[in-house]
Amino acid sequence: MSASNPNQGSDKSLEIMRNFAQSYAKRTGTYFCQDLGVTAVVIEGLAKHKDDLGAPLCPCRHYEDKEAEVKAAYWNCPCVPMQERQECHCMLFLTEDNPFSGEDQSITFEQIRAETNTPKS
């Protein structure tokens, strides 16, 4: 099942990454960004990379060789900086003291697609 938008992951991968993000936030005591649009775009990017590369490579970085980065695993979500220091460059997993931290540890499939279906000008 493929998404209608070429920047979106499949429904299956999006649901896998949505469930992962919610579980990981709860397990680590972190929260999604107060702007759930940020959360939606990041989860969608992870899903797209999961489809295209076979792994949820961080969508917020530039890579010369994405396949090599996937094999290295450093930037596969949760990336090493997040695992070691709770530092999330994407602002997906934020600690309570982060000024952009919201109160949510959950987001619906529909919320994600509502954000990522919107054409950006």
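These legends walk through several close-up views of one predicted protein model.

Local features are described where pLDDT is at least 70 and side-chain atom pairs where it is 80 or more, while totals for chains, interfaces and linings use all residues. Residues are numbered from 1 along each chain as its sequence is written, and side-chain values use heavy atoms, leaving out hydrogens and water.

**View 1. The whole protein is built from five helices and zero strands.**
Helices (H or I, at least four residues) and strands (E, at least two) are DSSP runs, numbered from the N terminus. Following the sequence, you meet the pattern α-α-α-α-α. The radius of gyration is 14 Å, close to the 14 Å that the globule rule gives for 121 residues, so the protein is as compact as a globular protein of that length. Here the radius is taken over C-alpha atoms, and the rule is 2.2 Å times the number of residues to the power 0.38. The C-alpha trace spans about 35 × 35 × 25 Å along its principal axes.

**View 2. Inside and outside: what share of the 121 residues counts as buried?**
The share is 45%. Buried means under 20% relative accessible area, exposed means over 50%, and partly exposed lies in between (1.4 Å probe, protein chains only). The protein exposes about 6800 Å², and carbon and sulfur atoms supply 48% of that area. Such areas come from the Shrake-Rupley method with a 1.4 Å probe; for residues, only the protein chains shown count as cover. Among contacts between residues at least 6 apart in sequence, 68% join residues at least 24 apart. A contact means heavy atoms within 4.5 Å.

**View 3. The largest nonpolar core has 29 residues.**
A nonpolar core is a set of buried Ala, Val, Leu, Ile, Met, Phe, Trp, Tyr and Cys residues joined through side-chain atoms within 4.5 Å. Phe32, Ile43, Leu92, Phe93 and Ile107 have the most contacts inside this core. Two or more residues come from each of α1 (11–28), α2 (36–53) and α5 (109–117). Helix α2 gives the most, with seven residues. Try centring your view on Ile43: leaving aside residues up to four places away in sequence, Ile43 touches Leu14, Met17, Arg18, Ala21, Leu92, Ile107 and Ile112.

**View 4. Glu15 and Arg18 form a salt bridge within one helix.**
Side chains of opposite charge can pair when their charged atoms come close. A salt bridge is a side-chain nitrogen of Lys or Arg within 4 Å of a carboxyl oxygen of Asp or Glu, and the structure holds six of them. For Glu15 and Arg18, the N to O distance is 2.7 Å. Both lie in helix α1, three residues apart, which is about one turn of the helix. Glu15 counts as partly exposed because its relative accessibility is 27%, whereas Arg18, at 13%, counts as buried.

**View 5. Arg113 and Glu44 pair up across the sequence.**
The closest N and O atoms of this salt bridge are 3.0 Å apart. Arg113 sits in helix α5 and Glu44 in helix α2, 69 residues apart, and the pair links distant parts of the chain. Are these two residues buried or exposed? Both are buried.

**View 6. Arg85 and Glu84 make another salt bridge.**
Their closest N and O atoms lie 3.4 Å apart. Arg85 is partly exposed at 42% relative accessibility, while Glu84 is exposed at 58%. Elsewhere, salt bridges that share partners join Asp11, Glu44 and Arg113 into one network.

**View 7. The loops hold some special backbone geometry.**
Most residues other than glycine have a negative phi, and most peptide bonds are trans. The bond from Cys77 to Pro78, however, is cis, with omega near -5°. Pro78 lies in the loop between α3 (66–72) and α4 (80–85). Ala73 is found in the loop between α3 and α4 as well, and its phi is positive, near 70°. Met91, in the loop between α4 and α5, has a positive phi of about 65°. Ala73 is partly exposed at 38% relative accessibility, and Met91 is partly exposed at 25%.

**View 8. How many disulfides does the structure contain?**
A search of the whole structure finds zero. A disulfide is a pair of cysteine sulfur atoms within 2.5 Å. Looking at two cysteines, Cys60 is partly exposed at 32% relative accessibility, and Cys90 is buried at 10%.
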